Amino acid sequence: MTTTRFLLILLLLINALLFAAAQDWFGFASGESGNISIELNRENIKVLGHTPPPDAAQADDQDASEQPVGCLAWSGLSAVQNNKLISLFSAAGIQAVARDVQVASSWRVINAIPMVTHEAAELLADNMIDLGVERESIQIEETGDGKFLIVLGGSFKNKKSADRHLEAVKGKGVNASIDARNTSERRVEATVSKEKAETLLNGQSFAKRYKSCS
C-alpha cells in the first residue's frame with residue numbers, strides 16, 4: 001500500500017468519525033440535550049405540597065357550612081314585631097309563617113276521676129279533708145259535659161309548681177292529676193338554624209326570644 005493511498009483512507013475514516021459525532025450517533029450529547037429539554041419544559045414541572053385528601057377536605061367544608069336546622073318559634077311579640085320578623089326572614093329567602101296555636105298557660109291539680117253528680121263530688125271532697133287536705137284549698141267545678149271536678153289549690157303559672165303540689169296531695173293518699181289550661185297564642189315559625197337566625201336578626205330586641213316549635 002502506498003503512502004498516498006494510506007493517507008487517503010485515514011482521511012476518509014477521520015471524516016466519517018467527525019460526521020458520526022456531529023450526528024450524535026455515539027450518544028455523547030445526550031446529557032446536554034436532556035438538560036436543554038428540561039430547561040425548555042420547566043413550566044411543566046410542579047412542586048407538590050402537603051394537601052389533605054379530597055374526602056377529608058370536603059368533610060371539613062361540610063362541618064363548617066352545615067348547621068343543624070329546625071323549627072324555631074317567636075311568641076309574645078307585638079303585631080309590628082311579628083311583621084318585622086317575617087319581613088327579615090323573607091328577605092333572606094327563609095319561609096316564615098304566623099299562626100295561632102294552643103299552648104298551656106296555667107296548671108291545676110284536680111281529682112283524677114270526675115264525679116257525675118255534685119253530691120258525689122262533695123262526698124269525695126269530705127274524704128280528702130279527712131286525709132289532711134285543707135278545706136280552703138278545695139273547689140268543686142262543673143265541666144261542660146255535666147261532670148264535676150275537685151280543684152285542689154287553685155291555678156299555678158308554671159308546671160313545676162303544680163307538680164310539687166300534686167306530689168304533696170298524693171302524699172296524703174289523694175288520687176289526683178294535672179289539668180293544663182290552654183290559651184291561644186300568636187307566634188311566628190321559621191325553619192332555620194339557631195346560628196343563622198341570630199345572625200340574621202342581630203340588633204333586633206327579639207333576636208333570641210325563640211323556642212322550639214314543638
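This report walks through the fold, the confidence, the disulfide and some charged pairs of one predicted model.

## The overall layout

Let's start with the big picture. The chain has 214 residues, and 24% of them count as buried. Seven helices and six strands make up its secondary structure. If you follow the sequence from start to end, the order is α-α-α-β-α-β-α-β-β-α-β-α-β.

How do distant parts of the sequence meet? Take the contacts between residues at least 6 apart in sequence: 76% of these join residues at least 24 apart. As for the outside, the accessible surface is about 15000 Å², and carbon and sulfur atoms account for 55% of that.

## How far to trust it

Since this is a predicted model, have a look at the confidence before zooming in. The mean pLDDT of the chain is 81, with 71% of the residues at 70 or more.

Two stretches deserve some caution. Over residues 36-40 pLDDT stays under 50, and the model gives this stretch one contact beyond four places in sequence. Residues 59-65 also stay under 50, and here the model has zero contacts beyond four places in sequence. Where pLDDT is low, the predicted coordinates shouldn't be read in detail.

## The disulfide

The count of disulfides comes to one. Which cysteines form it? They are C71 and C213, and their sulfur atoms sit 2.0 Å apart. C71 belongs to strand 1 (residues 70-75), while C213 is in the segment after strand 6 (210-212), so the bond ties together parts that are 142 residues apart in sequence.

The bond has a handedness too: the torsion about S-S is about -70°, so this disulfide is left-handed. Are its two ends buried or exposed? C71 is partly exposed, at 30% relative accessible area, whereas C213 is buried, at 15%.

## R108 and its partners

Now find R108, which lies in strand 2 (residues 96-111). Its relative accessible area is 6%, so R108 is buried, given that the cut-off is under 20%. What does its side chain meet? One partner is E141, whose side chain makes a polar contact of 2.7 Å with that of R108.

Another partner is D179: the two form a salt bridge, with the closest N and O atoms 2.9 Å apart. R108 is in strand 2 and D179 in strand 5 (residues 176-192), so the pair links parts that are 71 residues apart in sequence. Both R108 and D179 are buried. Beyond its neighbours within four places in sequence, R108 also has contacts that include L149, V151, G154 and S177.

## More salt bridges

How many salt bridges are there in total? The count comes to seven. One of them joins the side chains of K211 and E185, at 3.9 Å from N to O. K211 lies in strand 6 and E185 in strand 5, so this pair ties together parts that are 26 residues apart in sequence. Their surroundings can be compared as well: K211 is partly exposed, with a relative accessible area of 36%, but E185 counts as buried at 17%.

Another salt bridge brings together the side chains of E189 and R187, 2.9 Å from N to O. Both E189 and R187 are buried. The story doesn't stop at a pair, though: R99, R187 and E189 are linked in a network of salt bridges.

Note on methods: Residues numbered from 1 in each chain as written. Predicted model: local features only at pLDDT ≥ 70, side-chain atom pairs only at ≥ 80, totals over all residues. Heavy atoms only, no water. Disulfide = S-S within 2.5 Å. Helix = DSSP H or I, 4+ residues; strand = E, 2+ residues; numbered from the N terminus. Buried < 20%, exposed > 50% of the residue type's maximum accessible area, 1.4 Å probe, protein only. Contact = heavy atoms within 4.5 Å. Areas by Shrake-Rupley, 256 points an atom, 1.4 Å probe, with all protein chains shown as cover. Polar contact = N/O pair within 3.5 Å; in protein donor to acceptor, adjacent residues only side chain to side chain. pLDDT = per-residue confidence, 0-100. Salt bridge = Lys/Arg side-chain N within 4 Å of Asp/Glu carboxyl O.
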